[in-house]
Amino acid sequence: MRIAVLGGGVVGVTTAYQLLKDGHEVVLVERRAAVGDETSWGNAGMIAPGHSFVWSSPRAPMVLLKSLFLKDQALRFRPSADPRLWSWSLKFLAQCTAERARVNTLRKHRLCLYSQGVLHETLAELGGAELGGGLDYDRNTRGILYFYRSEARLAAGVEHMKILADDGQQTEVLDREAVVRLEPSLAEGGGSIAGGIYCPTDETGDCGMFTKALAEACRRMGAEIRTGTDVVRIDTDGDRITGVATSMGPLKADAYVLALGNYSPVFARRIGIPLAVYPIKGYSLTIPVGNHQAGPTVGSVDEDNLVAISRFGDRVRVTATAEFAGYDTSHRPQDFDFMLGVVRGLYPDGADYDRAQGWAGLRPMTPEGTPRFGRRKYGNLWINSGHGHMGWTMSHASARITADLIAGRETAVPLDGMTV
């Protein structure tokens, strides 16, 4: 078939690749001047099944409540007049029970593990940079360290991690000395670290770079990629999508994939499809390493401060905060002070901190923390959206699942709770 993929982030581009593998003719539409330049650009860069925990946990309501008065909460609620913020938030709170958190976390973990496997297949097919291929994205396969600053927090983290370990996640518990052996750059600034949980099979890499490299591979396979092209309207007739009006003219196809991330619910709503996806704002810093000799070499998450740190070649990426603030992507220098202080304290000689580049972007979240797939109301429109803060991790599975659904094949993982 001729299939139009709407959205050129990592989810849309991986979907295009899987559809091309199935022999379809693919047209991909992206409003930015290049693919991978929005949410995919500034994320933490972690392929992290070992961090598959959902945000809708029993602790979340109190954290959100505190955020109305305290500015240092990892989850922040910013009240507004947007009725969709309130309706989505009520659905989120309904998922914040111990049982729902367990179910959603296991579903998410299985999707993440499967997705990492699909990524590895893609690298084998196209060749990662280390294999002499074209997919160069500063990949780091040394695992990810989730560290804690007290023995009590470490013990609680180990107990918390059991749900993933029992589900097949490889984990190792490290004391402070072992943490420094793994990451010698923490010898000077890591004195407050009591220990950590190391997931050796987790990995990191620049999601934006990967998205652009995979898009070029898709072009070589015959895909048409239309950048600088806004989706204006989705046209319908009965139970079919008849076309898409874009800023560069009409687009016709046999089938369509809605992978517009934060804007998927906007266009879905206009054609009568309710989609419980809402943008959650995150902040990141990209810092050049420069001539500094003691920068991070292993991806890590400071679990006490919920600050993630990744190394991309000659850059360090630092991310933090989940803010319920609608579609606002504005930011101020002081928004980055806390995360900058954390990374500077851990790696005093780690990077050119005075040259840090700040960014704020939106994560398309569902209340459950897992994406939405499938069809509703229209026989030729497929949804692939709602990946939240782990879109890079889950994108490869989501692309394969979408291709399987279009082909009428059974999916490799059950889609309980993840269909539209």
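Mentor: Contact here means heavy atoms within 4.5 Å. The model is predicted.

Trainee: Which residues does Asp-352 touch, leaving aside those up to four places away in sequence?

Mentor: Asp-352 touches Ile-287, Pro-288, Val-289, Gly-290 and His-292. Asp-352 itself is placed in the loop between α10 (337–346) and β18 (357–365).

Trainee: What makes the pairing of the Asp-352 and His-292 side chains a polar contact?

Mentor: The two side chains are paired at 2.6 Å. A polar contact requires N or O atoms within 3.5 Å, so the pair qualifies.

Trainee: Why is Cys-207 not counted in a disulfide?

Mentor: The closest cysteine sulfur, in Cys-112, is 13 Å from the sulfur of Cys-207. A disulfide needs the sulfur atoms within 2.5 Å, so this separation is too far for a bond. For Cys-218, the closest cysteine sulfur is that of Cys-207, at 14 Å, which is also too far for a bond. A search of the whole structure finds zero disulfides.

Trainee: Why is Cys-218 called buried?

Mentor: Its relative accessible area is 2%. Buried means under 20%, therefore Cys-218 meets the term. Cys-207, with 1%, is buried as well.

Trainee: What describes the packing of helix α1 and helix α4?

Mentor: Helix α1 (residues 10–21) packs with helix α4 (residues 98–126) at an angle of about 65 degrees, and their axes lie 13 Å apart. The crossing is left-handed. Tyr-17, Gln-18 and Lys-21 of α1 meet Val-118, Thr-122, Glu-125 and Leu-126 of α4. By class, this contact has three nonpolar, two polar and two charged residues.

Key: Residues numbered from 1 in each chain as written. Predicted model: local features only at pLDDT ≥ 70, side-chain atom pairs only at ≥ 80, totals over all residues. Heavy atoms only, no water. Axes fitted to C-alpha atoms, helices over the stretch in contact; angles between N-to-C directions. Helix = DSSP H or I, 4+ residues; strand = E, 2+ residues; numbered from the N terminus. Left-handed = near helix turned anticlockwise from the far one by under 90°. Nonpolar A, V, L, I, M, F, W, Y, C, P; charged D, E, K, R; others polar. Polar contact = N/O pair within 3.5 Å; in protein donor to acceptor, adjacent residues only side chain to side chain. Buried < 20%, exposed > 50% of the residue type's maximum accessible area, 1.4 Å probe, protein only.
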